Amino acid sequence: MPRQIAGWQARLEYLPVAASVGALRAMPLERAVRFGARLGGMAATLDRFNRPVAMRNLTLAFPALDDSARLRILRDSYRNWGRMLAEWAHFDMFGPENIERYVTYENRENWDAAIAAHRGCGFVVTGHFGNFELLSLAHSIYGYRIAIVHRPLRNPLIDVAVNRARSRFGNRAIARRGAGREVVRLMREGRWGIAVPLDLDVRHGVFVDFFSMPASTNEGPARMAMMTGLPVVPAFMVREGTAPRHRIVVMPQVEMVSDGDREAAIRENTQRLVRPIEEAIRRYPDHWNWIHRRWKTRPPGEPRFY
């Protein structure tokens with residue numbers, strides 16, 4: 001877990017974020033989203049520090065593309081972040097009366113069928129993909145409360161603001177460290193979806209293939225699903241074009257294995273949970289965060305990737 005900053009450093013870092021959000025909130029949503037995309041495009045040009053990491057990731061993921069095609073994906077990814085920031089600035093406008101105008105479902109029956117026999121509980125496997133913040137908010141507006149297992153942000157002021165926006169319609173944030181006990185309590189309470197992003201590098205995880213290269217991955221969701229018997233359903237937020245309209249794409253429930261060696265089953269189940277994330281990224285590569293050092297942790301004996 002990253003160490004949080006505090007005091008003047010946190011406030012100094014928070015000020016430009018708050019100013020940007022305030023300026024975007026003052027605009028109508030559609031205009032703010034267009035402006036956010038331009039901000040993202042400028043950030044892509046200026047951010048020379050993260051570009052080598054992103055291009056290395058893109059080369060691994062899409063070896064058949066040339067550098068110009070990979071760079072287009074990266075720039076579109078930054079534009080996605082800009083649009084996401086604009087929509088986040090307008091989170092207080094989304095509610096039951098207008099959510100269908102901005103977010104609809106694709107294959108919602110996959111979720112309903114999975115949780116029908118489990119008191120409304122289940123795991124939602126997702127990633128930092130599309131407007132993932134709006135995914136959890138919209139899901140709760142539609143009547144599905146989400147407990148989000150997350151890694152707290154470095155800046156506590158930003159972390160508080162993000163979690164306040166997430167929880168407007170009953171969602172809850174759970175720190176990833178020690179999340180198991182809280183997940184079990186919510187499971188007993190009933191009517192909760194437990195959302196877990198599985199696209200981040202972890203220092204102590206299980207290695208599974210991600211774009212044909214071993215990636216250290218949190219095995220906690222596989223362990224919890226095996227222990228509780230709760231269904232696991234992948235879901236991702238897909239933007240329609242460049243407008244503030246999205247689809248929550250719900251994939252079929254992931255079938256888990258439980259026979260044989262337990263650690264081998266955990267590894268296999270984690271692989272099964274990661275596979276839909278890769279599938280979504282391949283289909284919508286501009287929706288993912290390519291500057292993340294996803295392959296930073298290496299198996300023993302392997303050289304550093306970055």
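Visitor: How many bridges join β2 to β5?

Guide: Keep in mind that this is a predicted model. β2 and β5 run parallel, and one facing pair is Gly122 opposite Gly193 in β5. The number of bridges joining β2 to β5 is 5.

Visitor: And how many join β3 to β5?

Guide: β3, residues 146-150, also runs parallel to β5. Ile148 stands opposite Ala195 there, and Ala147 has Ile194 as its bridge partner. The count of bridges between β3 and β5 is 3.

Visitor: How many residues of β5 are buried?

Guide: In the strand order, β5 sits between β2 and β3. The strand is mostly covered. Out of its 5 residues, the buried ones number 4.

Visitor: Which strands stand at the edges of the sheet?

Guide: The sheet is open, has 7 strands with mixed pairing, and is ordered β1-β9-β8-β2-β5-β3-β4. Each edge strand has a single partner, so one side of each is left without a neighbour in the sheet. From one strand to the next, the twist averages 30°. The edge strands are β1 (103-106) and β4 (172-175).

Visitor: What angle does the direction of α6 make with that of β2?

Guide: α6 packs on the sheet. The strands touched by α6 are β1, β2, β5, β8 and β9. Against the direction of β2, that of α6 makes about 145°.

Visitor: Why are the buried residues of α6 on the same side of the helix?

Guide: Helix α6 spans residues 108-115, and its buried residues are Trp111, Ala114 and Ile115. They lie on the same side of α6 because of the small part of the circle around the axis that they cover, an arc of only 85°.

Visitor: Which helix is among the elements covering the buried residues of α6?

Guide: Several strands help with the cover, including β2 (122-126), β5 (193-197), β8 (232-239) and β9 (246-250). Next to these strands, the cover also includes a helix, residues 132-141. That helix is α7.

Visitor: How are α1 and α8 oriented to each other?

Guide: The axes of α1 (residues 7-25) and α8 (residues 156-166) come within 8 Å and cross at roughly 45°. That angle is neither under 35 degrees nor in the 65 to 115 range. The two helices are therefore oblique.

Visitor: How many nonpolar residues does the contact of α1 with α8 have?

Guide: α1 brings Ala10, Arg11, Glu13, Tyr14 and Val17, while α8 brings Pro156, Leu157, Ile158 and Ala161. By class, no polar residues and 2 charged ones take part. The nonpolar residues number 7.

Terms used. Residues numbered from 1 in each chain as written. Predicted model: local features only at pLDDT ≥ 70, side-chain atom pairs only at ≥ 80, totals over all residues. Heavy atoms only, no water. Buried < 20%, exposed > 50% of the residue type's maximum accessible area, 1.4 Å probe, protein only. Arc of directions from axis to C-beta. Contact = heavy atoms within 4.5 Å. Pairing = 2+ DSSP bridges. Axes fitted to C-alpha atoms, helices over the stretch in contact; angles between N-to-C directions. Parallel < 35°, antiparallel > 145°, perpendicular 65-115°, else oblique. Nonpolar A, V, L, I, M, F, W, Y, C, P; charged D, E, K, R; others polar.
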